[in-house]
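Q: Here is a protein model to look at. Let us ask what stands behind the words used for it.

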Amino acid sequence: MNDLKAIKEFLDQKNIAVAGVSRTKHKFGNAIYKELSKKGYNLYPVNPNLEEYEGKKCYKNIDTLPGEVTGIVMNTKPAVTSRLIKEAESKGIKHIWLQQGSADKPTIAETSTSQSN
């Protein structure tokens with residue numbers, strides 16, 4: 001699949017989780033959340049340390065997300081991203097966007113291997 005097609009498929013999702021929202025206002029996960037919110041997506045913030053984000057329930061992990069979530073943006077450290085990818089795959093979430101800095105080479109290699117199986 002080419003990059004533009006993959007981007008379009010991801011952006012066609014209406015219910016997207018954003019992993020890595022934070023209490024720290026200037027974190028990139030927060031900027032992505034706000035930008036997607038402006039564009040009308042149904043968003044589901046994910047952070048194990050928050051009860052609420054931007055007035056919405058914040059989910060502790062991927063397993064607790066509602067079934068309508070079909071995409072997730074990862075804005076987490078590579079070690080956390082690796083775990084979250086496995087959780088997303090177990091939940092059946094097929095559209096995963098790894099934001100720059102959220103994955104290192106081992107995480108990307110692991111993801112490529114699991115998607116080809």
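A: Start with the lining of the second largest pocket in this predicted model. Its largest share, three residues, comes from H3. Helix H2 (28-38) and H3 each supply at least two residues.

Q: Which residues lie nearest the centre of the second largest pocket?
A: They are Gly 20, Asn 47, Asn 75, Thr 76 and Lys 77. The lining has 21 residues. Each counts as lining because it has an atom within 4 Å of a pocket point.

Q: What makes up this lining, by class?
A: Eight residues are nonpolar, eight are polar and five are charged. Gly 20 is part of the lining, and Gly counts as polar, so Gly 20 belongs to the polar class.

Q: How much space lies in the second largest pocket?
A: About 490 Å³.

Q: Why is the set with Ala 17, Ile 62 and Leu 65 called a nonpolar core?
A: A core's residues must be buried, of nonpolar kinds, and joined through side-chain atoms within 4.5 Å. The largest core has 15 such residues, so the name fits. Ala 17, Ile 62, Leu 65, Ile 72, Met 74 and Ile 93 touch the most other members. H3 gives this core its largest share, three residues.

Q: Where is Pro 48, and what makes Tyr 59 its contact?
A: Pro 48 is in the loop between E2 and strand E3 (52-53). Leaving aside neighbours within four places in sequence, Pro 48 is in contact with Tyr 59 and Lys 60. Contact means heavy atoms within 4.5 Å, so both pairs meet that cut-off.

Notes: Residues numbered from 1 in each chain as written. Predicted model: local features only at pLDDT ≥ 70, side-chain atom pairs only at ≥ 80, totals over all residues. Heavy atoms only, no water. Buried < 20%, exposed > 50% of the residue type's maximum accessible area, 1.4 Å probe, protein only. Helix = DSSP H or I, 4+ residues; strand = E, 2+ residues; numbered from the N terminus. 1 Å grid on protein atoms, 1.4 Å probe; cavity = no way out; pocket = protein on both sides within 12 Å on 5 of 7 lines; lining within 4 Å. Points joined across faces, edges and corners; volume = space filled by probe spheres on them.
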